[in-house]
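This report considers a protein with its ligand. It treats the ligand site, the arrangement of domains and some local backbone features in turn.

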Amino acid sequence: MTKSKFDEKFRPQFHFTPEAHWLNDPNGMVFYEGEYHLFYQHYPEGTTWGPMHWGHAVSRDMVHWEHLEVALAPDGNGFIFSGCVVVDWTDSSGLFNGGTGLVAVFTQHDTDPDNGQPRQRQSIAYSLDKGRSWIKYPGNPVLTEQIADFRDPKVFRHEETASWVMVLAAGDHVRLYRSTDLISWSFASIFGAEEGSHDGVWECPDLFELSVEGYLSKKWVLIVSIGDDPDYPEGSRTQYFVGSFNGYSFVNDNVPDCVLWLDHGRDNYAGVTFSDVPAEDGRRLLIGWMSNWKYANQTPTENWRGAMTIPRVLSLRNEAEGIRLVQRPALELQRLRSGKRHWNNILIAAEHSHAIEITDNRAEVVALFEPGDADQVCIKLGTAGHGQTIIGYDAGNQTLFIDRSASGIIDFHPQFACRHEMKLQPDKGLIRLHLFIDCSSVEVFAGDGNGVMTDLIFPDAGCGTVELFAANGHAKLVSLEVFNLHSIYEGMGQMAATNGTIG
Ligand code: FRU
């Protein structure tokens, strides 16, 4: 792997991207024998969506990735759509001769020869060598139903009922199945036809238990992505439900029309969580696909297309309006920090901005401010005189917004140029924003993980400046920290030496 391969314009330097060609959903994320595995929807022949394969990479820190061979390629049962990988610790499948190994559970998509209609069925494959090679189960597919949209299985172990549980998407609802051996599956329940958002087809569910911060109680979280629909400018996005689960069925704690969004930006889709993170770590880690089906095939990149979000740690918090999902950047990212600069107590106004130069179009920025009497406090990213993206806090409406309508290259899709927002209340009069800027994306974590906005941007003149200012009044920048970030492609030899060799 040469550095130049990753030097292309807009190529993220600390987000995962494929070596070349197309990427969409993260698949099969699992931790096994010291390695995080990231599989992904991949078309290895082109930079637009095509016959789907599973690309594959491994990492010891979820930040530096080693690209491996394609793990699963289409066969007589069709393309390889999204799915998951679990560790079969007890050889419940009988595929590992009494040992342990990895089992992939995924959708195969083909055309039904009987009626010429698209068909989706679930298959499995297993690996005896830490994911380096895969054997497709000869009895595939292992789960079929007469349902057109029937995909994206996510499997987890439910010890209380000594069973594997599969949640998968079926058009306008999710279906739950159970198994003792990962091979034969029996139907357990359905959820969701009348709940949450139905602004698009349901895809890529995940179901897991999480602690509520500061309480002994735990709750179950069901994540469901919803596909693009031309009627909705937001395009594809991800919602979540909070409730309870008894091994067979999920019950929503909230009223059916309560809609909770995982991310308030436009570019975090199909996110799911890692399986088998060791109990002593205990984190629930999510990575999403940093794009949107509305324009994913048209984004202005050259040899590759598609990136993942940074890894995020999930938890739950009891807020005034109910229990809500909290997301914080995984601490491993701090290993990339270098050259911290910081400032305190700076008064900003329209005519008195605070501008910081950043290098190589990337930085991590933590800003804490008091909106004061200003209508808006804004962070402008870009290069003066060229396209700029505005991340702003509107004090009157108590909203955080991203305006990328003049962010650079915007003409590849009519709905890319937009402004969108989320509710954000100050905490003791203060607003905290934590930004990750990486060539063609910005992720904004607001408050203490209260909300996230993830957006792609294509600043054709680069992103050389971060400028803070206030509109119609004065605000106080209580503190500002700016970190330079190493590229994950720098010193790869060194990383391998620190981490031990991968593979
Ligand atoms: C979500 C999705 C999945 C499907 C895959 C195909 O982005 O549409 O439902 O399995 O992408 O690439």
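The text below describes the ligand site, then the domains, then selected residues.

**Ligand site**

The model is predicted. A shell of 13 residues surrounds the ligand, and those that come nearest are Asp-25, Gln-41, Arg-151, Asp-152 and Trp-293. By residue type, this shell is made up of six nonpolar, three polar and four charged residues.

Three side chains place a polar atom at the distances listed here from an oxygen atom of the ligand.

| Side chain | Distance from its polar atom to a ligand oxygen atom |
|---|---|
| Trp-49 | 2.9 Å |
| Arg-151 | 2.7 Å |
| Asp-152 | 2.6 Å |

How much of the ligand's exposed area does the protein bury? On its own the ligand exposes 320 Å², and 95% of that area is buried by the protein. Four elements each give two or more residues to the surrounding shell: β1 (21-32), β5 (79-88), β9 (151-158) and β13 (202-211). Arg-151 and Asp-152, both among the residues that come nearest to the ligand, fall within the range of β9, 151-158.

**Domains**

Two domains are given by the domain assignment of the protein, with domain 1 covering residues 20-329 and domain 2 covering residues 338-485. Their C-alpha centres are 31 Å apart. Across the boundary, 25 residues of domain 1 make contact with 24 residues of domain 2. The area buried between domain 1 and domain 2 amounts to about 2,100 Å², and carbon and sulfur atoms account for 59% of it.

**Local features**

Two backbone features lie in loops that border β9. The loop between β8 (135-136) and β9 contains Pro-141, and the peptide bond leading from Asn-140 to Pro-141 is cis, with omega near -5°. In the loop between β9 and β10 (163-169) lies Ala-162. What is notable about phi of Ala-162? Its value is near 45°, which is positive although the residue is not glycine.

Ala-471 belongs to strand β33, which comprises residues 465-471. Which residues does Ala-471 contact once its neighbours within four places in sequence are set aside? They are Ala-374, Asp-375 and Gln-376. The C-alpha atom of Ala-471 is also separated by 9.4 Å from that of Asp-373, a residue 98 positions away along the chain.

Key. Residues numbered from 1 in each chain as written. Predicted model: local features only at pLDDT ≥ 70, side-chain atom pairs only at ≥ 80, totals over all residues. Heavy atoms only, no water. Near = heavy atom within 4 Å. Polar contact = N/O pair within 3.5 Å; in protein donor to acceptor, adjacent residues only side chain to side chain. Areas by Shrake-Rupley, 256 points an atom, 1.4 Å probe, with all protein chains shown as cover. Nonpolar A, V, L, I, M, F, W, Y, C, P; charged D, E, K, R; others polar. Domains from an automatic or database assignment. Contact = heavy atoms within 4.5 Å. Buried area = accessible area lost by both parts, 1.4 Å probe.
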